[in-house]
Amino acid sequence: MLTVIHNYTVLPEPLRCTGSMDSRELRFAQAMIFAIEQINNSTELLPGIKLGYKIYDSCASIPVAAHVAFQLSNGLEPVFYPDQTCSQSGMVVAIVGASGSTPSISMSRIIGPFNIPQVSHFSTCACLSDKKQYPHFFRTIPSDQFQADALAKLVKHFGWTWIGAVRSDSDYGNNGMASFLEAARKEGICVEYSESFYRTNPRSRVQRVAEVIRRSTAVVVVAFLASGDMKILLEELSLNPSPPRQWIGSESWVTAPEMLRYSFCAGAIGFGIQKAVIPGFRNFLLDLSLAEVALSPLLTEFWEGAFKCSLEKNAAEGVSVCDGTEDIQTLQDPYTDTSHLRISNMVYKAIYAIAHAIHNAVCENTNNTTRCDGSTRTDSQQILSQLKEVSFSKNGYHVSFDANGDPVAMYELVNWRRGNSGSLEMVTVGHYDASMPVGQEFHINRDVTWMEGGTQVPVSVCSNSCPPGTRKVLQKGKPICCYDCIPCPEGEISNATDSSDCTPCPKEFWPNPERDTCFPKPVEFLSFNDVLGIILAAFSVGGASLAIITAAVFLRHRKTPIVRANNSELSFLLLFSLTLCFLCSLTFIGAPSEWSCMLRHTAFGITFVLCISCVLGKTIVVLMAFRATLPGSNVMKWFGPPQQRLTVVFFTSIQVLICTVWLILSPPFPVKNLTIYKERIILECALGSAIGFWAVLGYIGLLAVFCFVLAVLARKLPDNFNEAKLITFSMLIFCAVWITFIPAYVSSPGKFTVAVEIFAILASSFGLILCIFAPKCFIILFKPEKNTKKHLMNK
């Protein structure tokens, strides 16, 4: 359309269209005429009534569309009937159009106050579903809201999370893209850029949009553009091709046959209105005589442009005169292309919808006979009411409107691929039916050809998927689809791709090295299968065997002076207690149980007190024996064998009492220690009462120190009768072992705590048996000449 600058001093010139005719739009107009002629010849629909029409060219211009709306509203223009001219002006009862959303919006606002219903075949803006603003608007093409949802699901279906977006800067593009972006956001799709332009913008604006597409990292581009705008963009991109892009198209351009000439868009996919078959329509389009063409300015312009001739006899120089020999049958043009009747069928259905509304308003069915009263004056308000109730099928396609004036949304998924001839062609590869349950709307029944003819789905992501065992961390200042993959923290896993968070394993579980699965933590305790457990058990059994062998030696030589001189009864009791000390260490090996936990500490405490009580008794005997040799001393009378036994029983009973109180009030119990090691469980015995445990150890230590002091006091007595030096050395070893045991016990982790305790038991037990009994056994077995009373008394 020409842009006119008004000076407001003279009347403006009539609005005029410029540029070449859109043959596709001409086919839409012919579809309207074809449908009206069918209805006028029908004996079932509006019998006896003829429909008239008036066709205007809006030039895809808002001012022209507004001007047309005013002309149709005043009802003063003559109406054209096929084969005759109406004798009077007719009131417009319905309007079909326009082909664009913005012109339709302008028209709807103008004709709305006159209650004239408007049925559009190609206006898809979701905004037109608002009945508060557009109460008289209907359409046979689905709303862009459905298309936007379908496009978002399509992008999600193929795993594209990083896309570019281009739209027409119009109601169609802006509203359609807004609906798509909202649906994409809900699907977790990120948009790298969203650019807009309109066909009337300066070329620099289009160049900027093209440059954004070239430089972007998003492989997939969603184009919500009118076909005219898309053509301008592709022309610009063809001058300096961008890297391969996967185009996702809206209905407006992806099903336009004239767009197939842009070969670098091979692999484009998008949703289109279902293809239709209109019987007889192709013959109607091609049945044009030169005389018929001359009667219509639109057909004249088309004919002259298609065949490069002029219908005027005084044609310009170099231009031939159309003589009727032109063959429209062989013409390759969108007008003659009926292989993809999509929008033409929308026009066809719109005409039939209006006809059915008029039929329901003026016709009655009586005795299977339809009678229509042509004299009844029908106003637009009646047609508006009847349009809301319309429901019929034509050529296998159902037509009805919901409360918003929209039809049921059904699309075909169209794919651009190269045919056998090498040129691009549209192939239907799937369907989308919005009436199906959620999750079942989308169906692909053929393989899709992608950009550059590829068979593999292109990858368009800002960041690669995070594998299991990692989590997503958003990159600062970027959309949520741009992230880094960070390994899960210690003790946590993620078992799904693209996890945003890691999940802690349960307390008794630990992740595998890949951190994608939780496995039960290995349970650790000092077992008889461990090398350390085997070694300690061997020493324990060996120590007990040594004590038993020593007792056997002493029993075999019990009447020899060296055995009799060292209080054989206490010696045998000491060897018995040492045997128990060695064996009690075995209770510390193996899986802790309720009974073993109580047994190991109490058995250890009682046997060691019994052992030290015997050593203490022997020490006192040595002291008392030498004091008894003094004149007038009767000390041994008060510390004879009965008193020695009583001393051992007394000291031991105190430990038994401590252990009994400990077991009654707060006994040891098995527990799973989860704090020392994060990756494994330590099965150990909890003390129950730390006071009870340290009371047992403290009492042992007290007796050991007391024994050590007495042994030190007796160390200078005559050697041959004196065990004090051996007792002193054994107590020195005993105290050293248990003093070092305390920090080692506290600081040793896990099963090594038990190992330290066993080591202390074995070391102190070996210290006692070796220091006290080894010298005597050596004399008994290897130096029998010294095992005489004379040798013992020589000093």
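## Salt bridges, a sheet and a greasy patch

Search the whole structure and you find 14 salt bridges. Keep in mind that this is a predicted model. Besides a few of those bridges, we'll look at an open sheet of eight strands and a nonpolar patch on the surface.

**Salt bridges around helix α6**

- Side chains of opposite charge can pair when their charged atoms come close.
- Take Arg 208 and Glu 195, whose side chains meet in a salt bridge at 3.1 Å, N to O. Arg 208 sits in helix α6 (residues 203-215) and Glu 195 in strand β7, so this pair ties together parts that are 13 residues apart in sequence.
- Are these two partners buried or exposed? Arg 208 counts as partly exposed because its relative accessibility is 41%, while Glu 195 is buried, with a relative accessible area of 14%.
- Arg 214 makes a salt bridge with Glu 211, with 3.2 Å between the closest N and O atoms. Both residues belong to helix α6, three residues apart, which is about one turn of the helix.
- Arg 214 is buried at 13% relative accessible area, whereas Glu 211, at 30% relative accessibility, is partly exposed.
- Arg 215 joins in too: Glu 211, Arg 214 and Arg 215 are linked in a network of salt bridges.

**A long-range link**

- Glu 490 and Lys 678 also form a salt bridge, and their closest N and O atoms are 3.2 Å apart.
- This pair connects distant parts of the chain, 188 residues apart: Glu 490 is in the loop between β21 (483-487) and β22 (492-493), and Lys 678 is in the loop between β27 (669-673) and β28 (681-686).

**The eight-stranded sheet**

- Go across the open sheet and the strand order is β7-β6-β8-β9-β10-β17-β18-β19, with mixed pairing.
- Which strands are at the edges? They are β7 (190-197) and β19 (442-444), each pairing on one side only.
- From one strand to the next, the twist averages 30 degrees.
- Strands β6 (residues 162-168) and β8 (residues 220-224) are a parallel pair joined over five bridges, and Gly 164 stands opposite Val 221 in β8.
- Helix α5 (residues 171-186) lies across β6, β7 and β8, at about 155 degrees to β6.
- Helix α7 (residues 227-239) packs on the sheet as well, touching β6, β7, β8 and β9 (246-249), and its direction makes about 170 degrees with that of β9.

**A nonpolar patch on the surface**

- Leu 657, Val 661, Ile 664 and Leu 665 make a nonpolar surface patch of about 450 Å².
- Leu 665 lies in helix α19 (residues 641-665), and it counts as exposed because its relative accessibility is 68%.

Definitions and conventions. Residues are numbered from 1 along each chain as its sequence is written. This is a predicted model: local features need pLDDT of at least 70, side-chain atom pairs count only at pLDDT 80 or more; totals for chains, interfaces and linings use all residues. Side-chain values use heavy atoms; hydrogens and water are left out. Two strands pair if DSSP finds at least two bridges between them. Helices (H or I, at least four residues) and strands (E, at least two) are DSSP runs, numbered from the N terminus. Axes are lines fitted to C-alpha atoms, for helices over the stretch in contact, and angles run from 0 to 180 degrees between N-to-C directions. Contact means heavy atoms within 4.5 Å. Patches are made of residues with over 30% relative accessible area and no salt bridge: like charges are joined within 9 Å, nonpolar side chains (Val, Leu, Ile, Met, Phe, Trp, Tyr) within 5 Å. Accessible areas come from the Shrake-Rupley method with a 1.4 Å probe; for residues, only the protein chains shown count as cover. A salt bridge is a side-chain nitrogen of Lys or Arg within 4 Å of a carboxyl oxygen of Asp or Glu. Buried means under 20% relative accessible area, exposed over 50%, partly exposed in between (1.4 Å probe, protein chains only).
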